[in-house]
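Trainee: I am new to this structure and would like a close look at one part of it. Could you walk me through the nonpolar core and what surrounds it?

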Amino acid sequence: MYMHPYGFYYGLDWTYILVLIGAIISIAASARVNSTFNRYARERSRSGMTGAQTAQTILNNNGIYDVRVEPVRGNLTDHYDPRTKTVRLSESVYASTSVAAIGVAAHECGHVIQHHENYAPLNIRTALVPAANIGSQLGIPIIIVGLLFGGGGSLLVNIGIWVFSLAVLFQLVTLPVEIDASRRALACIERYGIVTREEKSKSAKVLRAAAYTYVAAAAASVLQLLRLLLLFGNRRDD
């Protein structure tokens with residue numbers, strides 16, 4: 001069977017199933033988080049606090065005064081930047097008083113608290129960011145170059161697989177960091193009276209749906225790595 005220069009085969013290649021599974025999982029997770037957020041974005045919290053006010057309340061109650069809270073464009077583009085010590089909340093969260101917005105804002109503050117407490121998994125993830133960027137951007141191109149000039153068992157292909165695995169490692173390390181941030185967030189919004197117990201359960205549903213996107217990303221990356229290993233892991237130059 002003829003091998004394409006990019007490492008795939010003309011004809012049947014059952015490993016495409018792994019890529020398909022990863023894509024389906026990712027699409028399903030994305031659809032779930034959007035539908036769950038949109039559902040609870042229509043439910044106003046009894047406290048009437050916005051996402052920005054929620055974030056500021058959590059930070060103040062944890063003695064954190066050197067972190068800014070500011071809006072950022074986009075939908076669900078919320079994140080915490082430890083380099084500039086800034087919590088950036090998307091347009092659908094920053095000024096919204098919904099239980100969904102409160103949950104998302106609190107989650108980002110969960111990352112701030114992790115950073116403030118020197119949470120080890122967060123430190124590991126932060127340290128992996130440069131390597132993960134290299135792995136996600138250069139892993140596959142290195143493999144392609146290796147195939148073009150050295151064949152499926154070349155050293156360059158193996159290097160490409162190792163480089164790509166750095167991106168996979170980053171995705172795996174991200175999981176406990178995100179789960180812990182949500183745990184901290186839910187504890188804070190209840191402890192500080194930002195939501196009622198019933199509203200907390202609704203915010204939790206939003207955060208669980210968001211967590212599935214990280215699980216999906218990790219699963220898709222692992223499946224892609226598995227496919228590369230199956231295609232090239234045991235190959236030798238002809």
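Mentor: Happy to; here is a tour that starts inside and ends at the surface. Please keep in mind that this is a predicted model.

Let us begin with the largest nonpolar core, which has 33 residues. Within this core, I58 and I189 touch the most other members. The elements that supply two or more residues to the core are α1, α2 (51-61), β3 (86-90), α4 (99-116), α6 (155-191) and α7. Of these, α4 gives the most, with 10 residues.

I189 is a good place to pause. Leaving aside residues up to four places away in sequence, I189 touches T54, I58, I102, A106, I194, V195 and S203. If you find I189 on your screen, you can pick out I58 among those contacts, and I58 shares with I189 the distinction of touching the most other core members.

There is also a second core, lying apart from this one. That other core has 10 residues, including I143, L147, V157 and V168.

Next, a look at two cysteines. C109 is buried, because its relative accessible area is 0%, and C188 also counts as buried because its relative accessibility is 3%. Are they bonded or unbonded to each other? The closest cysteine sulfur to that of C109 is in C188, 7.9 Å away, so the pair is too far apart for a bond. Seen from the other side, the closest cysteine sulfur to that of C188 is the one in C109. A disulfide requires the two sulfur atoms to be within 2.5 Å, and the structure as a whole holds zero disulfides.

Now let us move out to the surface. W14, I17, I21, I25, L226 and L230 form a nonpolar patch there, and together they have about 550 Å² of accessible area. Two elements give two or more residues to this patch: α1 (16-40) and α7 (197-232). The most comes from α1, with three residues. W14 sits in the segment before α1, and W14 counts as exposed because its relative accessibility is 55%.

One last pairing links distant parts of the chain. A217 is in helix α7, and A217 is partly exposed, since its relative accessible area is 24%. Although A217 and I25 are 192 residues apart in sequence, their C-alpha atoms are 8.3 Å apart in space. I25 is also one of the residues of the surface patch.

Technical notes
Residues are numbered from 1 along each chain as its sequence is written. This is a predicted model: local features need pLDDT of at least 70, side-chain atom pairs count only at pLDDT 80 or more; totals for chains, interfaces and linings use all residues. Side-chain values use heavy atoms; hydrogens and water are left out. Patches are made of residues with over 30% relative accessible area and no salt bridge: like charges are joined within 9 Å, nonpolar side chains (Val, Leu, Ile, Met, Phe, Trp, Tyr) within 5 Å. Accessible areas come from the Shrake-Rupley method with a 1.4 Å probe; for residues, only the protein chains shown count as cover. A salt bridge is a side-chain nitrogen of Lys or Arg within 4 Å of a carboxyl oxygen of Asp or Glu. Helices (H or I, at least four residues) and strands (E, at least two) are DSSP runs, numbered from the N terminus. Buried means under 20% relative accessible area, exposed over 50%, partly exposed in between (1.4 Å probe, protein chains only). A nonpolar core is a set of buried Ala, Val, Leu, Ile, Met, Phe, Trp, Tyr and Cys residues joined through side-chain atoms within 4.5 Å. Contact means heavy atoms within 4.5 Å.
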